[in-house]
Every structure is written in C-alpha cells, then in structure tokens.
Amino acid sequence: MSRKIVIAVIVVVGIGLAWMTFDASHQILPEPTCTQCHGPGILQQSVMRDEAGDPFTGSDACEPCHTNIYHRWSRSDHCRTMMCPGPTTVFSQFSPDTAHYEYQGFTTKMISSPTGYEMIAPGEDGVDRAWPVDLVIGIRDHQGFLTRFPDGRYQVLPSTYDMRKQTWFDATEGLVVSDHVLKPDDEYYWTSRMRSWNRGCFDCHLSGMRKTYDAETNTYATTWRDLGVDCEACHGAGLAHARLRTIKHKRNTLAEDTSLVRLQDLSARQQVEVCGQCHARKATLAEGYTPGADFHEHYFLYLLDDNMV
C-alpha cells in the first residue's frame with residue numbers, strides 16, 4: 001500500500017472520529033444537580049427541564065466554566081426564592097406533634113414526618129384537614145408554603161413563618177388587608193382563587209414559568225424551568241453559549257459570544273427593567289420577557305398608593 005493511500009485512510013478515519021466526537025459533545029450538557037441545595041423535592045423530575053428545542057438550559061449548565069459565580073449564586077437569596085420542601089430548605093417550625101399557631105380563633109398546625117411536611121387548616125368547607133407542602137417560598141424575611149389543588153392551582157397556605165422573629169403569623173396580620181380573620185366565604189380566604197399563586201403572583205420566585213390555564217376546564221397545568229431566579233432570567237437563553245465549550249475549535253470564541261445578554265451592554269433603563277421583572281409592582285400582560293426586550297409589552301406597572309407602601 002502506498003504512503004499516500006495510508007495517509008488518506010488516516011485522514012478519513014480521523015475526520016470520522018472527529019465528527020462523532022463533535023456530534024456527541026455538541027449535545028451533552030451537565031445533568032441537573034439542584035437537589036443538593038434545593039432538597040429532595042417531590043417535584044424535581046417534572047420541573048427541571050422543558051421540552052427538546054427549548055433554547056434555555058437551566059443554571060447547572062453554567063457551573064463548569066463559571067464555578068465561583070455559580071456557587072455564590074447557589075447560596076444567594078435569588079437562587080432560593082422558591083424551593084422544594086426538605087430538611088435543607090424548610091427553616092420554619094414544623095414538628096411531629098407540637099407546632100401550631102392560633103390567631104383570633106383560627107388555628108393551624110405544622111406537621112413534619114419522614115414523608116414530608118403538612119399544614120393542618122380548615123378548608124373551604126371549614127373542616128380541618130392536612131394539606132401537603134409542595135413548594136416553599138422565601139428564605140430571608142418570611143417563609144411561605146404552597147399546596148397544589150387537584151385543578152392545578154397552587155394555594156398559599158394560611159400561616160407564614162417570620163424568619164427574623166422566629167414565629168408564625170396569619171395572613172391577615174400583614175399579607176392580606178382585612179379587619180377580621182378570613183372565613184371560607186371571604187374573597188381572600190386562603191382557598192379562594194384570589195389567593196392562587198399561579199393566578200397572579202407567579203413570575204418572581206422562579207424562572208421560565210408558563211401558567212397554562214385552560215378556560216374550558218378551569219384548570220392549570222403550570223410548568224417552569226427552574227425554581228428560584230436562575231442565570232438565564234437575567235442573561236437570556238444560554239443553550240447556544242453553553243454548547244460552544246463543547247466545540248473545541250470554538251472555545252476561544254466564548255469571550256466574544258453575543259448569544260447571552262451582557263447587562264453592561266444594555267441601556268440604564270433596560271438594566272433597571274431586568275430587575276423590574278421581579279422588583280416592581282405590576283401586572284403580567286404576556287409571559288416570556290427576556291432581558292433587553294420591551295418591558296411594557298410584558299408588564300403593566302401600578303402606581304404606588306397607600307395600600308402598597
């Protein structure tokens with residue numbers, strides 16, 4: 001066999017191996033590891049990733065290259081604005097038999113067990129029952145709890161924990177304006193649709209949420225990308241950027257990649273609006289806001305009044 005033929009064979013084989021490596025590495029991204037910080041959450045499988053073709057990756061894809069920033073973020077309030085319930089995420093006083101709170105005759109009991117957390121409270125019929133804690137909101141000032149109803153609504157359970165004072169309080173002691181303890185026939189009773197989390201207060205404590213309300217069946221099939229405020233909430237979809245590191249001949253182009261939003265490249269107004277998607281008093285007009293987009297196409301701002309200050 002001539003030398004030229006040998007070289008040609010080697011080149012062809014090399015190209016084939018290179019293409020196989022490229023094709024495989026182009027698709028592989030880090031597996032989700034949020035359980036370490038977010039607890040053993042019962043919803044982990046259903047919420048971590050969206051369908052194929054979504055340009056978002058979730059924050060775990062950022063860790064290999066941005067390790068220090070990722071781990072600082074993973075311990076931040078932004079990361080922990082919403083979590084699955086577990087020993088590393090529930091800092092409120094739950095116990096097997098003794099934790100309870102009573103306010104003007106309305107009593108709740110907070111129960112912990114090897115299988116999870118529950119709050120015993122009167123339902124819309126006024127009868128006490130155990131409501132499972134499906135999601136946890138907050139880590140700094142208050143910690144609230146959501147339970148999922150059969151129609152897909154996530155309801156805010158009636159008692160909230162004050163992290164600073166280390167005590168429970170009723171919603172009418174600060175979260176809901178009322179001159180009396182709420183009853184099942186009140187508009188803002190905790191089981192009412194006015195207190196449904198995925199009706200109005202859904203888009204600040206997690207990332208990539210889709211409400212998915214079906215008017216015909218009056219049900220929700222709500223999904224989200226990540227619990228907490230993730231990297232892509234402020235920097236845009238990261239799949240194209242994350243894949244660059246898997247392509248050897250393009251790794252040196254990461255610094256010049258423009259597929260992610262650099263906040264310093266936005267105008268001062270746009271930078272404030274990125275924060276305003278959560279830190280503003282507003283109504284959501286359309287889902288899917290991305291950093292740098294027209295803020296007012298997605299949100300309607302409220303003016304402050306005496307009830308909001």
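Let's start at Arg 262, which is partly exposed because its relative accessible area is 43%. This is a predicted model, so keep that in mind as we go. The side chain of Arg 262 meets that of Asp 265 in a salt bridge, with 3.1 Å from N to O. Asp 265, at a relative accessible area of 56%, is on the exposed side of the scale, since exposed means over 50%.

A little further along comes helix H8 (residues 268-276), which holds both Arg 269 and Glu 273. These two sit 4 residues apart, about one turn of the helix, and their side chains form a salt bridge at 3.2 Å, N to O. The two ends of this bridge have contrasting surroundings: Arg 269 counts as exposed because its relative accessibility is 57%, while Glu 273 is buried, its relative accessible area being 12%.

Across the structure, the count of salt bridges comes to 10. Arg 193 and Asp 151 make one of them, with their closest N and O atoms 3.2 Å apart. Here the pair links distant parts of the chain, as the partners are 42 residues apart. Arg 193 belongs to the loop between strand S10 (167-170) and helix H5 (197-200), and Asp 151 to the loop between S7 and S8. Arg 193 counts as partly exposed because its relative accessibility is 29%; Asp 151, at 17%, counts as buried. There is also a salt-bridge network, which links Asp 77, Arg 140, Asp 141 and Arg 164.

Asp 151 brings us to strand S7 itself. Covering residues 142-148, S7 is mostly covered, with 5 of its 7 residues buried. Follow the chain into it from strand S6 (residues 135-137): S6 and S7 run antiparallel and are joined by 3 bridges. Ile 137 has Gly 144 in S7 as its bridge partner. The two strands form a hairpin with 4 residues between them, and in the turn Gly 138 has a positive phi of about 95 degrees.

Leave S7 at its other end and there's another hairpin, this time with S8 and with 5 residues between the strands. In that turn, Gly 152 has a positive phi of about 90 degrees. S7 and S8 (residues 154-156) pair antiparallel over 3 bridges, and Thr 147 stands opposite Gln 155 in S8. S7 also pairs with strand S9 (residues 159-162), again in the antiparallel sense, over 2 bridges. Look for His 142 there, standing opposite Asp 162 in S9.

Now for the aromatics. A search of the whole structure finds 18 aromatic pairs. Take Tyr 161 and Trp 168: their ring centres are 5.1 Å apart and their planes lie at 70 degrees, so the pair is edge-to-face. Both Tyr 161 and Trp 168 are buried. They belong to one aromatic cluster along with Phe 94, Tyr 117 and Phe 145. Elsewhere, Tyr 213 and Tyr 220 form a tilted pair, 4.9 Å centre to centre with 45 degrees between the planes. Tyr 213 is partly exposed, as its relative accessible area is 40%, whereas Tyr 220 is buried at 11%.

Another aromatic residue to look at is Trp 73, in helix H4 (residues 67-74). Trp 73 counts as buried because its relative accessibility is 14%. Leaving aside residues up to four places away in sequence, Trp 73 touches Ser 59, Cys 79, Val 229 and Asp 230. The C-alpha atom of Trp 73 is separated by 8.5 Å from that of Cys 231, although the two residues are 158 residues apart along the chain.

Finally, head to His 298, in the loop between strand S15 (282-284) and strand S16 (299-301). His 298 counts as buried because its relative accessibility is 13%. What does the side chain of His 298 reach at 3.2 Å? That would be the backbone oxygen of Ala 286. A polar atom of the same His 298 side chain also lies 3.5 Å from the backbone nitrogen of Tyr 289. With residues up to four places away in sequence left out, the residues that His 298 touches are Ala 283, Thr 284, Leu 285, Ala 286, Glu 287, Gly 288 and Tyr 289.

Terms used:
Residues numbered from 1 in each chain as written. Predicted model: local features only at pLDDT ≥ 70, side-chain atom pairs only at ≥ 80, totals over all residues. Heavy atoms only, no water. Buried < 20%, exposed > 50% of the residue type's maximum accessible area, 1.4 Å probe, protein only. Contact = heavy atoms within 4.5 Å. Polar contact = N/O pair within 3.5 Å; in protein donor to acceptor, adjacent residues only side chain to side chain. Pairing = 2+ DSSP bridges. Phe/Tyr/Trp six-rings, centres within 6.5 Å; stacked < 30°, edge-to-face > 60°. Salt bridge = Lys/Arg side-chain N within 4 Å of Asp/Glu carboxyl O.
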